[in-house]
Amino acid sequence: MASDDASGSEAGFTSSGAAGVVTAACREAGLDGVGAELIRFGENALFRLSSHPVIVRVARSAEYLPSVRTEVAVSRWLTRERFPAARVLEDVEQPVVVAGCPVTFWHLIEEGDRKATYGELGGVLRDLHALPLPEGLELPPFTVFGRTDLRIEKTTGIPEDDREFLRMRGRQLRAQLAELRFESPKGPVHGDAHVQNLMVDRSGNVLLIDFEGFSYDHPEWDLMVTATEHHSLGWQTPEQYADFVGAYGRDLRDWHGYPTLRGIQEFQMTTWLMQNVGESQAVADEYAHRIATLRDEKIPRRWQPG
């Protein structure tokens, strides 16, 4: 599971409409938007400019404006700290809002010939969690359950007993979380700490990307992703996970709160996939397997990345 991005779109947000937003936003920013190439259309629309080494990111609606402003502030902070991360354009006032869509402009990262490793992910998270927040940068707490309630109520094409089971599971997890006591101090948290949110540029620099979920909270929320993927789902080899733990300096499974965070991560991953059941039989089958394993712990969790 590369991300917890929701695939559902606000009404009227289309790739062609986003292209028009890019043209207008570039004009306002003093950039040439002619020939911009759509490179991803999901929770955001990403375009690569043909005349500048720039990525233009279009959010779906004005509802995203607070988080987009946070992304820009985080990027500028990390740049000042010389932290290896994606950078917004320095000389452009942003975000720009066009037709209700917040737009941001980022330096293009030219990818190298390899992907980031789990050891590198552990090192980046270790360094990130050690950074003190500057005065004036306000980060929200980590949104533990995100859009899960909305997904459960709005998704079509699932059995009603699945919906009721997920409501019950959500209540159980919230009750467990309320009893959990964190021992670590709060600090900057990425909020979607997958190895896929690292890029390696042509010079071999490992860069952190995607700041939508940045928050001020306990570092365990970043560690639960890889810990769950390995211990619960077997998506990393023992060597890869050992590299992650060795670089970070901690194995989350040694903490008493790991089972609760594992449950939350699996709940998030299942409801994320659930909303896409109408896309293909393969997705529907994978969702059916995931919820079956949530219902019965004895069923092996042979989940496939989605």
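Among contacts between residues at least 6 apart in sequence, what percentage join residues at least 24 apart? In this protein chain the figure is 69%. Keep in mind as you look around that this is a predicted model.

Start with the overall build. The protein chain has 9 helices and 9 strands. Its C-alpha trace spans about 60 × 45 × 40 Å along the principal axes. For 306 residues, a compact globule would have a radius of gyration near 19 Å, and the chain comes in at 20 Å, so the two agree. Of those 306 residues, 52% count as buried. On the outside, the chain exposes about 14500 Å², with carbon and sulfur atoms supplying 51% of that area. As for charge, there are 32 positive and 46 negative side chains, and the centres of the two sets lie 2 Å apart.

Now head inside. The largest nonpolar core has 71 residues, and L78, L208, F211, F214 and W221 are the ones with the most contacts inside it. Helix α8, residues 258-274, gives the most to this core, with 8 residues. A second, separate core of 20 residues includes F13, V21, V56 and V98.

W221 is a good place to zoom in. Leaving out residues up to four places away in sequence, W221 touches F142, V144, L177, F182, V189, L261 and I264. W221 is also one of the buried residues of helix α6, and that helix deserves a look of its own. Of the 12 residues of α6 (220-231), 11 are buried, so the helix is largely enclosed by the rest of the structure. The buried set includes L223, M224 and V225, but also E220, D222, E229 and H230. What do the buried residues of α6 pack against? Their partners are the helices α3 (118-129), α5 (160-179), α7 (238-248) and α8, along with the strands β6 (187-189) and β9 (215-217). Helix α8 thus turns up again here, having already appeared as the element that gives the most to the largest core.

For a last stop, try P84, which sits in the loop between α2 (65-80) and β4 (96-98). Is P84 buried or partly exposed? Its relative accessibility is 34%, so P84 counts as partly exposed. Apart from neighbours within four places in sequence, P84 is in contact with V206, L207 and L208. L208 should ring a bell, being among the residues with the most contacts inside the largest core. P84 and T23, by contrast, are 61 residues apart in sequence and 30 Å apart in space, C-alpha to C-alpha.

Notes. Residues are numbered from 1 along each chain as its sequence is written. This is a predicted model: local features need pLDDT of at least 70, side-chain atom pairs count only at pLDDT 80 or more; totals for chains, interfaces and linings use all residues. Side-chain values use heavy atoms; hydrogens and water are left out. A nonpolar core is a set of buried Ala, Val, Leu, Ile, Met, Phe, Trp, Tyr and Cys residues joined through side-chain atoms within 4.5 Å. Buried means under 20% relative accessible area, exposed over 50%, partly exposed in between (1.4 Å probe, protein chains only). Helices (H or I, at least four residues) and strands (E, at least two) are DSSP runs, numbered from the N terminus. Contact means heavy atoms within 4.5 Å. The radius of gyration is taken over C-alpha atoms; the globule rule is 2.2 Å times the number of residues to the power 0.38. Accessible areas come from the Shrake-Rupley method with a 1.4 Å probe; for residues, only the protein chains shown count as cover. Lys and Arg count as positive and Asp and Glu as negative; His and the chain ends are not counted. The place of a charge is taken as NZ of Lys, CZ of Arg, CG of Asp or CD of Glu.
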